[in-house]
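Work through the following exercises with the sequence and the coordinates at hand, and compare each step with the solution given.

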Amino acid sequence: MSFLPRVLGLALLGLAASSALAQSSSDAHHSRRLGGVERPTHVQLGPRPFFLVDDMVDSPLKRELQQCARRGEFTSRDFSIGHRGAAMQFPEHTVESYTAAARMGAGVVECDVTFTKDKELVCRHAQNDLHTTTNILVTPLAAKCTQPFVPAVLDADGKVVTPAKAECRASDITLAEFKTLRGKMDAFNPAARTPEQYLGGTANWRTDLYAGPTSGTLVTHAESIELFKKLGVKMTPELKSASVTMPFEGFTQQAYAQKMIDEYKKARVNPRNVFAQSFNIDDILYWVNNEAAFGKQAVYLDDANTVADLPDYNTLVGYKTKGINIWAPPIFALLAADNGKIVPSQAAKDAKAAGLGLITWSFERSGILADGNNGSYYQTFDSAVKTEGDMLNALHVLAKEVGVMGVFSDWPATTTFYANCMGLR
């Protein structure tokens, strides 16, 4: 696409320029090769990881992290996975979000993969999220949405009786039309009376500062591959469930799964640098059985909502027997609380006993923690979370006691900092 050389050039220029602020000109362009990927040796973490360390209760871990913080030089780590890029503050699955994640030292960055009306692969968290993640409702393409905007019904006091609604799918529009849109923070205003109002609703612990009219650059899956190669990061594409009935105009689920892998092969990406993901076990098994080089490190995502939904030991062993090597449940699945301490869960112990590698999600996605009621990700160990700094205690248990390979984070600087301090790859 014609925009890509310009965008890549700007992204890389910004990466190099900002890195130069933190180092002398003599070493500004040093890089290291890891797993066949050339990546910058210096990354920028900003103040947040150090704020979290300062907020920890005194402990040996806090003192170790404080000592590490004084070193002041950090490098990219595969343990740190950019979840949708750096989605805490940047519009997800955009050039700007991906570039921010690389700047923060994410060694692996995620493109969630779905498809357009003309069956082209693009980066979106869901096929039917354009109404909350882009500006489509205030463009002429709004007329093509599966569910055009319907304003909220409010009572005499302005309270919502019926929330505003809309549903716009990537499969409603062509690739050319998709590329005219701009990304925004994933949010909506349920009290909206106009499409413009509907585009609001960003959580108060996030920001719209990086969602202006000249940013939020959307990308195809193939473009994300080229961008990630230039940024020097490994790649973890997630094949998303379709909102349309499959096959879609002859496009089968297997063809969809194969097309995603084919785009890496066409770009000559080493399979070692790709961690294909899906919540659909049939997708994982398709790759295991048909694309062995990619399938051996395919990531089976678990969509459990509660502990009761998690697989037992025998089921986990069954995954391994079928050729699945990496299981990726949400954070709560791998942690528990015991007398005020964060400890590994039974599911974590079972998975390791079954011989599975572990990845988990999603860190830095729950806003303020010290006020309690931290939602699904913390449900099994929330009672042990008292300060914002306790995030680092949770990360330490995941890394050192559970033994996860990597952690998806909406703000990869935090996981990059921790991985550097603990000598994790």
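pLDDT is the predictor's confidence in each residue, from 0 to 100. This is a predicted model, in which local features need pLDDT of at least 70 and side-chain atom pairs count only at pLDDT 80 or more, while totals for chains, interfaces and linings use all residues. Residues are numbered from 1 along each chain as its sequence is written, and side-chain values use heavy atoms, with hydrogens and water left out.

**Exercise 1.** Establish the confidence of the model, and find where pLDDT stays under 50.

Solution. The protein has a mean pLDDT of 92, with 91% of its residues at 70 or more. Over residues 1-30, however, pLDDT stays under 50, and the model has 36 contacts (heavy atoms within 4.5 Å) beyond four places in sequence for them. Where pLDDT is low, the predicted coordinates should not be read in detail.

**Exercise 2.** Explain why helix α4 is largely enclosed by the rest of the structure.

Solution. Helices are DSSP runs of H or I with at least four residues, numbered from the N terminus, and buried means under 20% relative accessible area with a 1.4 Å probe, protein chains only. Helix α4 spans residues 95-103, and seven of its nine residues are buried, so the rest of the structure largely encloses it. Those buried residues are V95, S97, Y98, T99, A100, A101 and A102. After α4 comes G105, which has a positive phi, near 90°.

How values were computed. Buried < 20%, exposed > 50% of the residue type's maximum accessible area, 1.4 Å probe, protein only. Helix = DSSP H or I, 4+ residues; strand = E, 2+ residues; numbered from the N terminus.
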